[in-house]
Amino acid sequence: MALVGPTASGKSAVALALARRYPELELVSVDSMQVYRGMDIGTAKPTPAERAEVPHHLIDLVDPWQEFTVAEFQRAFQETLAAIEARGHRALLVGGTGLYLRAVVDRLAIPGRFPQVRAELEAEADTSRLHRRLAELDPPAAARMEPSNRRRVLRALEVTIGSDRPFSSYGPGLDTYPPSPYRLIGLRVPREELDERIATRYRQQLDAGFLEEVRGLATDPRGMSRTARQALGYKELLEHLEGHGTLEEALERAITRTRRFARRQLRWFRRDPRLVWIDASSGHNPVGELARLLGD
């Protein structure tokens, strides 16, 4: 089973409650930022006590100055899943990183990286021109994306040129939802409540030492990777520590960006017709309903 939903929807708490009820469950994080060591408070990682009580996997895989790819996550997941099943246990996937989830539940064919090709492509500022080039080299891939979506156009061109193989040949893409061996469950929380949860969690994280955590990362001479620096909350607190605005202004920027991110997560997950949604708003306890599904 995979338990997904937007940030602050309560996935980790619900998953932990289920694992306490079913000792054969081991929790597998599907979170692109919890893979970084030392980024604990801001990514809402399970506490050391929780991790000692219930097995958690795919947390603390790399250091913040290292890059980490979807393909690397996919390989780590496959090794972890094999070990869990060899113990006679079951994996409960938990997280909100949609691409990571699709990579493992649908076993996506992940193309390689071609940094030199990418650098040459990024020198072209006109995204529509890049899209026209993609349309010449790989018409099916170009037809599946908006000409203005620079990130997707760049990636498709990078792969097509770098691998000498059309990007579209790597699979049907993210717009296709094949049958999956996983039962996909989404936690649903009303927008207003989710917005409040996000704000409350940030203030709790600051009280728990989030700013000090970011200061430690900022002073490490090895720095942080481009991906790690963009993590929700970390980006804004790093800017504050670099002299760009007050702490309260950084907090407000983080809250705003995280709320927008939560909207994007919901749009991503709602496109997947395989997902079954469960009410996780205040006053509703989804654990019982999930327990019934696990028992099916």
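In what order do the 6 strands of the open sheet stand? Keep that question in mind as you open the structure, which is a predicted model.

**The sheet**

Begin by selecting the strands, and follow them across the sheet in the order 3-2-4-1-5-6, with parallel pairing, in a sheet that is open. Now select residues 56–57, which make up strand 3, and residues 276–279, which make up strand 6: these two stand at the edges with a single partner strand each, and therefore one side of each has no neighbour in the sheet.

Next, select residues 25–29, which are strand 2, together with residues 90–95, which are strand 4; the two run parallel and are joined by 5 bridges. To look at one partnership within this pair, select L27 and then L92 in strand 4, since these residues are bridge partners.

**Helices on the sheet**

Keep strand 4 on display and add residues 98–105, which form helix 4; this helix packs on the sheet, where it touches strand 1 (2–4), strand 4 and strand 5 (184–188), and its direction makes about 155° with that of strand 4. Then move to residues 287–295, which are helix 14, and you will find that this helix lies across strand 1, strand 2, strand 4, strand 5 and strand 6, running at about 145° to strand 6.

**The second largest pocket**

From here, select M1, L81, E85, A91 and Y182, which of the 17 residues lining the second largest pocket are the ones that lie nearest its centre. This pocket has a volume of about 360 Å³. Which elements give two or more residues to its lining? They are helix 3 (70–86), strand 4 and helix 14, and helix 3 gives the most, with 4 residues. If you colour the lining by residue type, you should find 10 nonpolar, 2 polar and 5 charged residues.

**The cavity**

The last stop is an enclosed space, and a search of the whole structure finds 1 cavity of 30 Å³ or more. The largest cavity has a volume of about 40 Å³, and to see what surrounds this space you can select Y202, L206, F210, G233, L237, A250, L251 and A254, which line it. Helix 9 (191–207) and helix 13 (247–270) are the elements that give two or more residues to this lining, and the largest share, 3 residues, comes from helix 13. By residue type, the lining of the largest cavity divides into 7 nonpolar and 1 polar, with no charged residues.

Note on methods
Residues numbered from 1 in each chain as written. Predicted model: local features only at pLDDT ≥ 70, side-chain atom pairs only at ≥ 80, totals over all residues. Heavy atoms only, no water. Pairing = 2+ DSSP bridges. Contact = heavy atoms within 4.5 Å. Axes fitted to C-alpha atoms, helices over the stretch in contact; angles between N-to-C directions. 1 Å grid on protein atoms, 1.4 Å probe; cavity = no way out; pocket = protein on both sides within 12 Å on 5 of 7 lines; lining within 4 Å. Points joined across faces, edges and corners; volume = space filled by probe spheres on them. Nonpolar A, V, L, I, M, F, W, Y, C, P; charged D, E, K, R; others polar.
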